[in-house]
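Me: I have a two-part question before I go back to the bench. Could you show me how to read a model like this, one feature at a time?

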Amino acid sequence: MSADRRFDATTTTTCGYCGVGCRLEAHARGGRIVSISPAEDGPANKGHTCLKGRFAHQYTRARDRLTAPLIRESGAFRIGSWDEALNRVAGEFLRIKAEHGADALAGLASSRATNEDCYVMQRLFRAVIGTHNIDNCSRVCHSPTSFALRKSLGLSGCTGSFDDIEAAQVLLIVGANPTAAHPVAGARMKQAALKGLKLVTADPRRIELADYGVLHCGMRPGTNAAFLNGLAHVIIRDGLTEEDFIAERTDGFEAVADLVADYTPVEVERITGIPAADLEDAAHIYGEADRASIAWGLGVTEQRYGSECVQMICNLALMTGKIGRPGCALMPLRGQNNVQGSSDMGALPDTFTAYRSVGDEATARLFEDRWGVKMGRERGMKMPEMLDAAVEGRIKAMWICGYDIAQSDPDVEHVVAALSNLEFLIVQEIFENETSSFAHVVLPAASFLEKSGTFTNAERRMQVVEAAAAPPGAAKTDLEIYKLVAERLGSELPYDGPEDVMAEIAEVTPHFAGVTYERMGRRGLQWPVAPDGTDSPILYTEHFELAGGKAHFAALPYKPPGDEATDELPLILVTGRRLEHYNVGTMTRRTGNLALFASDWLEIHPEDAEELGIASGDVVEVRSKNGRIEIEAQVTERIEPGHVFTAFHFPEVRTNLLVGPSADVNTSCPEYKVVAVSVEKTGVAERPPLAATVA
Amino acid sequence: MEVFVDGVRVEVEPGATALEAARLAGKWVPTLCFDDRMAPFGACRVCLVAIEGAAAPVASCTTICQEGMQIETTDERAQRIARNVAELVLSELPEPPAGHTELAEVVERLGVGEPRWHGTVHEAKHDARHPYLVFQHELCISCGRCVRACDEIQGAFALTATGRGFHSNVTAGLDSGFQESTCVSCGACADTCPTDAITERFLFELAEQGSE
């Protein structure tokens, strides 16, 4: 490609959209990205990418990019200099800290940012400001996965690699729609299915991959636990367990065996709606395979008992010995490019890097010595706690980076109340968004194509990100911003660039001991990485990372979700992602993807539509206990009767007004996936003309 | 197993093709319909090599290595046929291929000049309805790479080969454009196309502005 005279420069980097971690070649001309193609040697994408990674880069040069700091003055924003913005930030932070203590401040790091950014932000909050009130947006997606994998197996990450898709004979996909939300992983699954991989899909929607699978289990939202315990029941009942593996490498199997004895296929059918015979088939397809993997997404985690369901997924792999070898991966599909890394890096209120507790004396001492400060041993606030505290006036200031909580978090009214009540809010962003409208200072940041560092993908692969263009105007990289703010707060952060940050991370974290940019090279490294650079495509080949080396079964019953259909609210809303868009749509809505998918709709089954007198194209009002929205309906058999589906990409739809405060019992991850609603026709949509492509 | 490419010994895995062996030996073999990401197709007939004992040159992308096989990448007859094939491909195009395309590289390295045959050439027919992907049907050489990329890399099954002989081409859906087909806009077709018959809209517009 270097000989391609259409381009001045080609930079190999890592995609900043979903957690698959495609390696990309970004081609620039005249300082602008004009084309992106997949890197042929990308380990996760193998020369492929999707319409987001390849095409949706025009947002980087959109006219409304933030190119200078914005400062609120008498109620409105004005453009300011960095000097003014930094003075305001430091002045307010120091004032609030002096008046109310450091714990009146809180920060949210971004799972879109690099590992180095997240590490430096948590250091800034812990060591410079003096509080553990730091969290990141994985709180609302995969925190239950992290919690459960650590409990059951030891490490918070995929147990294998994407290569296990092709190495497996069977792949069970629960609560995920990979061809839309993780398109390149989805394409690999589809191709593998066409070549003989047996796919079993389990989701309230008949996802595209169900059409290529051997069995689809369409369950009622919120009943994953019954389904998973039902699978365990059949596996144990029919002798599909691996006795030696259970005896040698695990603890706690008997309790699970006792518990799931009640989950007969007939009982599971009553709870989930999945025909008993299909449950039996699914258990046999998984249990009888020599090599089988399980992939799951937010359809498992974003529920009241999401973390427990991930523990139940671990149970299945442990009782059948399908872990720690090729083709037997437990594969959480991470929503954002750096969901894995932001948490690995310690941008969490309770842990330093690699999930080591802030209350652990030896670890805390290590960081205190490294940073030359004293720190508390009590954990800080999780994100929902920060918002509650802001409403109550205990949190006075927040710094939110690359995370539009006013659009993406549930219970929007509560979020708005929290943001409105802050004395001081910094929003660090590439565009103004719903959250920045509450800010006192908006700091213009670089997009992933304009910065360097590393992302960690869903298979624990740390991959190099390299700037392919310069940030626009006065926008700066997150790392530069943290350094400048720290300096104003009276503390020098000793990093000339992201490589210096990674050197420190490697030094203070045994799991990342051997990580260097040179070793990551073009293919990255899957952590843990030994001091000599040896990485770990497959975890737990010999032992589990828990005391005694044994994995823990978890005997957990099915419990009903936080919301239930009633006479007034008879349908269950599930939310998710569309292929063409990405989360709050800040980026994709500013690209040609908008011409491919211009406005959202509510999917509703023909039976429900008929009963409610709704046709495709009608505008409907959707009501929950929490709020109401209007949206166009689309009648489709992709969704099961009794359920409706939409995404949350469009601020004008404000889907999350409907989602209430119910959350995962262990991690506070919101229950986006089970919301009781009513749907009523209010009119007929007048489709606006498709938006013109932004050049 | 071991094979010899232009006399150089290389070690290959069982099932490797002569093309893979040649590349392992660091030899260039022209290809048009081949792409590492997809199964070999053997349609373009420019990846010809001579195999000791074979009556005629063979397509290296579909020839499986045998123990001790002698592969000649510089065989004069193979090169002459490949040149003629490339020249015939060029003779149908309304203009020489753009410099960055794989077809341009193959033509240049094979030393194919101005085609000797001045017959009918394809008429320009563009479809720019999609926000990212543009068809330039006149540049299609029917190598089938886009259709196979759509099937074998993405799995969208949106593209189809159409027509026969001189009228062979490629189409999305039932000739209804990308957006009305099952296309998921992944761009694998544009990525693999060796002639820009399917290309990216930005790059198409850059080229239209005469900036190449």
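What follows is a short conversation about the chains, their sheets and their contacts.

Reply: Happy to help. This is a predicted model, in which local features need pLDDT of at least 70 and side-chain atom pairs count only at pLDDT 80 or more, while totals for chains, interfaces and linings use all residues. Residues are numbered from 1 along each chain as its sequence is written, and chains are lettered from A and ligands numbered from 1 in the order in which they are written.

Me: How many helices and strands are in chain A?

Reply: Helices (H or I, at least four residues) and strands (E, at least two) are DSSP runs, numbered from the N terminus. Chain A has 24 helices and 26 strands.

Me: What radius of gyration does chain A have?

Reply: The radius is taken over C-alpha atoms, and the globule rule is 2.2 Å times the number of residues to the power 0.38. For 695 residues a compact globule would come out near 26 Å, and chain A has 24 Å, which agrees. Its C-alpha atoms fill a box of roughly 70 × 65 × 60 Å along the principal axes.

Me: And what share of chain A counts as buried?

Reply: Buried means 20 or more other C-beta atoms within 10 Å of a residue's own, exposed means 12 or fewer, and partly exposed lies in between, with C-beta atoms placed from the backbone. In chain A, 62% of the 695 residues count as buried.

Me: Which domains does chain A have?

Reply: Domain bounds come from an automatic or database domain assignment. Here the assignment gives domain 1 (70-140 + 337-526), domain 2 (143-332) and domain 3 (571-684). The centres of domain 2 and domain 3 of chain A, taken over C-alpha atoms, are 26 Å apart. Two residues are in contact if their C-beta atoms, placed from the backbone, lie within 7 Å. By that rule, domain 2 of chain A gives 22 residues to the contact and domain 3 of chain A gives 24. On the domain 2 side, helix 4 (143-152), helix 6 (178-181), helix 13 (298-301) and helix 14 (306-319) of chain A each supply at least two residues.

Me: How do I read a sheet? Which strands stand at the edges of the seven-stranded one in chain A?

Reply: Start with pairing: two strands pair if DSSP finds at least two bridges between them. This open sheet of seven strands in chain A runs in the order 5-4-16-15-14-6-7, with mixed pairing. Strand 5 (76-79) and strand 7 (134-136) of chain A are at the edges with a single partner strand each, so one side of each has no neighbour in the sheet. Further in the order, strand 15 (residues 424-429) and strand 16 (residues 441-444) of chain A run parallel, joined by four bridges. There, V427(A) stands opposite V442(A).

Me: How many residues does each chain bring to the contact between B and A?

Reply: Chain B brings 21 residues and chain A brings 25. On the chain B side, helix 4 (145-154), helix 5 (188-192) and helix 6 (201-208) of chain B each give two or more residues.

Me: One residue to finish: is A156(B) buried or exposed?

Reply: A156(B) counts as buried because it has 22 C-beta neighbours inside 10 Å. A156(B) sits in the loop between helix 4 and strand 8 (159-162) of chain B. Leaving out residues up to four places away in sequence, A156(B) touches C150(B), T182(B), C183(B) and V184(B). A156(B) and T182(B) are 26 residues apart in sequence, yet 6.1 Å apart in space, C-alpha to C-alpha.
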